[in-house]
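Visitor: Could you walk me through how to read a few features of this model?
Guide: Happily; let's look at it together.

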Amino acid sequence: MSTAERPITAPPAPEAPLGVRRKLAALTVFHTGPGDVARAAGPVALLTFRPRWLIPPYAMVTSPQGARDVLGRADGAFDKQHIMHRQSQAFGRNVFNLPHDPWVGRRRLLQPLFTRRHVATFAGHMAESADTLTAEWIDRGVVDLDEQTRRLTLRVIGRSVFGLDLGERAEQLGPHVHVLLGWLTARAQRPVRAPGRLPTPARHRMRRALAAVRSVIDEAITAARADPDGDAELIQLLLQSADPDTGRPLTDEQIRDELLVFLIAGHDTTSTTLAYSLWALGRDPGLQDRLAGEVAALGGRRPSVDDLPALALTTRVIHESLRICPPAPVIVRSAVQDAVVGGYLIPAGTQVMVGVYAMHHDPALWADPDRFDPDRFATLRLAGDDRWRYLPFGGGPRSCIGDHFAMLEAALGLATIIGTARIDALDDEFPIALPFTLTAGGPVRARISRR
Ligand code: HEM
């Protein structure tokens, strides 16, 4: 008898002791919702609604073991069939939203471009773009760190993945991506939705934004075709690949749909991490001076990939930002078969939310969890099962393909900026919003001066 056929014996997970309103809030207020509500309810808690056909049952998972049981499965038992994944297919099918079976080959195809060794070839763009923007910020005096780090990460992804110099167009592209993510979140979080094809104003705005983003990607595909030796490695790889179903080359539409996710996933997340790191350093001059000292010890040259081992504090600051402000605060899956999670039976059909933010802020897992303290990562070794309490890039087979890219970009970006500029954060709070990923919900103002 295979594992899948063996009857599963485990107690059912307890229902979260909440009224309907608070249960619905837990579904929509993704970041603090599962944090505050779920921790009180237990490591695995159910949220069920009536009538059942209208809203499927949900399970909130907030323990490292539960996270491993869901995300660590390599057999697709917890698949990407959540409403959010299905809605995101309005932008095309790609490695992010494909269900398990067609995803396997796609991930295998793309993986070699995102190894630690390979992403090092993109490093030049990262430090160079950060250098150019920092000089501009110093001239301006006061900047919005949220807006400016988005410009930076869009430029980097444009150069390194698309082979395009987006220049000032990065400013226009950012808001379009925001519209797409806002539309996706609004639809995914609403328990009852208007039919997908209804011509609502929101759908109209989404289609306009999608057309604008796609036209930039189409331009990159045309340019890559014309210049096979250019920078656009990811596009070249896709141009040379075959569709596993037909054996024929991927169509331009398939390539465009794949690239779209790299544009979206590859900039919004890293920009939040950089904005949060700069804001946190801008509130702690002592820590900022220590980091500047680390960069100065490199001898005044622009930080490069070879300097990473010497940038230990810089890396810790990024790890701590990702802990406090994880751009993916909740990871969702659908149980496609009965399974045991954290010792409880989760029936097939349950929508599972792994509370990354909740675990990153759990006082049982972290000392003084709301304090920004990068030095906690100096001695911490997140190995074995313990690593499931820290999941900024997810875990298991569908963890972030861009994790090395993002860490390299953030570390070189941060070191380059702090090496040149002094940051003075003007706001006491970092405003959090959740248009799909967790981002700044308003301007993050800072005074920038030459160091
Ligand atoms: C700080 C930056 C980033 C964070 C925090 C982050 C976080 C995540 C997380 C948590 C997942 C897993 C989602 C899930 O299991 O449902 C994910 C998946 C993914 N990320 Fe990232 N990401 C970041 C940067 C990037 C970059 C730079 C790229 C591309 C250049 C990228 C591309 C992707 C893709 C394609 C997936 C889907 C992988 C798959 O399903 O096989 N991400 N990311």
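Visitor: Which residues in α3 are buried?
Guide: A residue is buried if 20 or more other C-beta atoms, placed from the backbone, lie within 10 Å of its own (exposed if 12 or fewer, partly exposed in between). In α3, that holds for P64, G66, A67, R68, D69, V70 and L71. Helix α3 spans residues 64-71 and is mostly covered, with 7 of its 8 residues buried. Residues are numbered from 1 along each chain as its sequence is written. This is a predicted model: local features need pLDDT of at least 70, side-chain atom pairs count only at pLDDT 80 or more, and totals for chains, interfaces and linings use all residues.

Visitor: Why is α13 largely enclosed by the rest of the structure?
Guide: Because 15 of the 15 residues of α13 are buried. Helix α13 (residues 268-282) reaches 21 Å from its first C-alpha to its last, close to the 21 Å expected at 1.5 Å a residue.

Visitor: Which residues come nearest to the ligand?
Guide: G266, T269, G394, C400 and G402, out of 23 around the ligand (C-beta atom, placed from the backbone, within 6 Å). Two or more shell residues come from each of α12 (252-265), α13 and α18 (403-420).

Visitor: How do α7 and α8 pack?
Guide: Two packed helices are described by the angle between their axes and the distance between the axes. Here α7 (residues 123-140) and α8 (residues 145-160) pack at about 150°, with axes 9 Å apart. That makes α7 roughly antiparallel to α8 (angles over 145 degrees).

How values were computed. Helices (H or I, at least four residues) and strands (E, at least two) are DSSP runs, numbered from the N terminus. The expected span of a helix is 1.5 Å times one less than its number of residues. Axes are lines fitted to C-alpha atoms, for helices over the stretch in contact, and angles run from 0 to 180 degrees between N-to-C directions. Angles under 35 degrees count as roughly parallel, over 145 as roughly antiparallel, 65 to 115 as roughly perpendicular and the rest as oblique.
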